[in-house]
Amino acid sequence: MSYFFQLVVSGVVVGSIYALSALGFVLIYKSSRVLNIAHGQIIAAGAFITYALTVWAGIHIAVSFILSMVITFFLAMSVERIFLRRLIGEPIISVIMVTIGLMSIIDGIVYLTPFGAGNFSFPEFLPRTPISFWGVSMSWTQMVGVVITFTMIGAFTWFFKASTVGISMRAVSDDQFASMSIGISVPKVFGLAWATAGLSAAAAGGIIGNITGLNFEVLHSFGIIVFPVVIVGGLDSIFGAIVAGIIMGLIQQFAAGYLDGNWGLFGTADVLPYIILLIILLFKPHGLFGIHEIERV
Amino acid sequence: MSENRWLATGNFFTSYKAEQRIFLTNVDKLVFACFLLLLFVWPLVFTVSNKNMLVIDSILIAIVAVYGLNLLTGFTGLISIGHAAFVGVGAYTLASFAQILGSDHVLLTHCWPLMILLAGGVGASFGAVVGLPALRLKHLYLVIATLSFQMIFQWAINFSKFFDQGQTIAIGRVFWFTGKVVRKQHYFFWYYVILATVVVLGFAVRNLLRSKHGRCLVAVRDNDRAADAMGMHPGFTKVYAFALSGFFAGVAGALHAYLWRGVGFESFMLHHSISYLAMAIVGGLGTLVGSFLGPAAILMLELQMENFAEFVGHFFTAVGDVATAFRPLSFGLVIVLFLMFEPRGIANWWRIARSYFKLWPFRY
């Protein structure tokens with residue numbers, strides 16, 4: 001039974017990071033209806049910036065964590081400004097293809113740096129002895145990561161519910177023309193949506209880097225797993241992303257814990273989310289909490 | 001007034017039938033026939049090294065695959081980032097025959113045209129299954145469906161004992177009427193086979209787009225609700241587009257397997273899907289000419305990038321792997337720059353050049 005609880009705990013840890021990664025993706029989709037295929041690459045960029053600041057520049061990790069969020073905030077904003085601002089009004093299909101191109105470009109840039117190949121791990125800054133209770137253990141890094149994740153998610157929820165900027169973002173996602181008519185600058189909101197997405201991506205990247213170590217391939221897979229998460233949760237629901245993230249984390253841990261090695265199956269944790277994604281697309285395409293839009297001719 | 005079928009300076013169609021012609025003027029027909037003849041004759045006149053022939057063969061195979069992607073993305077407006085997986089389905093159809101029957105079984109070596117068609121059929125059925133969500137969903141969701149198919153494909157090959165965990169599975173040499181195609185003639189032989197496939201399938205695509213079944217793809221792309229009102233079923237049309245694109249991909253995969261005489265996992269990864277998309281975009285989405293120009297341009301760019309990376313690598317040995325970096329970097333840049341500045345692709349340049357010569361010596 002303690003094996004089961006161990007899986008639950010690590011599932012929740014991984015799942016909450018998925019939720020944080022998916023948050024930025026949902027943000028961009030909600031405000032501008034763009035599927036940002038390059039989101040995983042932004043997460044990776046955030047993680048590498050945190051590492052570079054911590055290890056190479058020698059800044060304390062707490063400071064560099066926040067600093068990298070700020071840097072990625074502006075990076076994502078400039079990506080929107082340079083590449084996507086011109087495409088406002090173009091068909092959505094070409095905007096999506098631009099993000100596919102962006103994914104490739106960021107890949108190339110990362111391969112140019114030493115981060116493209118090899119593994120990096122953050123220096124230990126927390127006690128090494130894991131926290132144990134009722135036979136379930138959890139490392140301090142995971143604990144801190146989960147706490148930061150939930151704080152960030154709470155902060156974002158508050159931001160959307162209460163702050164003026166958040167409300168204007170929601171207004172734009174609801175109706176662009178109506179929000180323009182009451183004086184909201186739609187391009188500015190798009191830029192801000194990308195910037196906040198970058199910020200949350202950097203946070204997710206930093207936490208992933210601390211828990212699993214930095215490897216570009218691993219960060220890649222974190223970027224792609226965002227898709228099953230957002231589809232299960234519903235593309236435009238932040239709450240859905242959080243719930244689905246945790247569900248996905250649990251499913252992966254259970255698959256790795258119970259399916260692998262039995263019946264000749266291996267690596268099921270890598271494929272199960274995508275099979276679930278295809279099934280969800282067939283039977284409940286708007287996910288658990290997504291809005292089923294009524295289309296009018 | 002009887003029209004002059006040799007010269008035309010504008011569109012003077014008097015019937016729908018005239019507008020639907022493949023070749024506008026007889027000059028077009030003549031030029032095309034000469035070009036085709038040239039394509040078939042030149043390897044006999046010049047001696048080409050195996051290395052160059054391999055490049056040309058790869059371009060032609062990519063053209064077959066891009067036909068399919070262009071039908072899906074260009075003509076039906078559904079983005080696919082899993083096209084390499086569909087190509088892989090075609091290749092692995094052959095590989096599974098090789099695994100069960102042995103790589104030199106009669107079916108593989110003698111009945112290869114049949115096997116190529118079969119691979120296309122398997123690709124089509126996989127395409128239809130992945131496209132099933134299209135019955136209910138819009139294109140945004142289908143991007144994710146194709147991506148997840150790519151991931152599932154990679155997993156299925158990587159973790160299955162049957163396919164040797166993605167190790168290369170050999171495919172035997174084929175037989176022609178003159179006997180076994182030996183090593184010296186291999187690339188030469190496949191050049192003709194692939195070229196014939198490209199020509200036949202090119203005419204097939206062109207004719208499809210003239211017919212009711214092709215025009216409904218474009219109608220669904222432009223406005224699916226209007227298409228629905230006109231009596232087409234947008235969902236089935238999209239599934240059918242997926243199946244068509246799967247067929248072309250499957251044929252390309254089978255040709256790939258025969259050309260390289262083996263099927264390996266590393267030819268059908270996510271970044272290959274992205275390069276197919278780059279080919280379609282750079283060539284020009286929704287044009288047939290684009291399906292020829294795009295693969296040629298992108299594969300040439302890839303070759304040049306390899307040379308350039310080698311050159312730069314001499315100076316920056318300390319920095320990460322330059323060769324692996326330049327590939328995604330250049331592809332991404334090409335995709336983004338074309339979408340931003342020339343969304344109609346190289347095919348548009350071709351169109352401009354053609355209309356210039358058509359109207360010459362007049363300006364417009």
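Buried area, as I use it here, is the accessible area (1.4 Å probe) that two parts lose on being put together, summed over both.

Ground rules first. I'm working from a predicted model, where local features need pLDDT of at least 70, side-chain atom pairs count only at pLDDT 80 or more, and totals for chains, interfaces and linings use all residues. Residues are numbered from 1 along each chain as its sequence is written, chains are lettered from A in the order in which they are written, and side-chain values use heavy atoms, with hydrogens and water left out.

**Interface.** I looked up the area buried between chain A and chain B: about 4100 Å², with 81% of that from carbon and sulfur atoms. I then checked for salt bridges (a Lys or Arg side-chain nitrogen within 4 Å of an Asp or Glu carboxyl oxygen) and got zero between the two chains. Contact (heavy atoms within 4.5 Å) takes in 47 residues of chain A and 43 residues of chain B.

**Core.** Next I went to the largest nonpolar core, meaning buried Ala, Val, Leu, Ile, Met, Phe, Trp, Tyr and Cys residues joined through side-chain atoms within 4.5 Å, where buried is under 20% relative accessible area (1.4 Å probe, protein chains only). It holds 197 residues, and A:Leu35, B:Trp190 and B:Leu255 are among those touching the most other members. Helix α3 of chain B (residues 50-75; helices are DSSP runs of H or I, at least four residues, numbered from the N terminus) gives this core the most, 15 residues.

I followed up B:Leu255: leaving out residues up to four places away in sequence, its contacts include B:Ile61, B:Ile116 and B:Trp190.

Definitions and conventions:
Buried < 20%, exposed > 50% of the residue type's maximum accessible area, 1.4 Å probe, protein only. Helix = DSSP H or I, 4+ residues; strand = E, 2+ residues; numbered from the N terminus.
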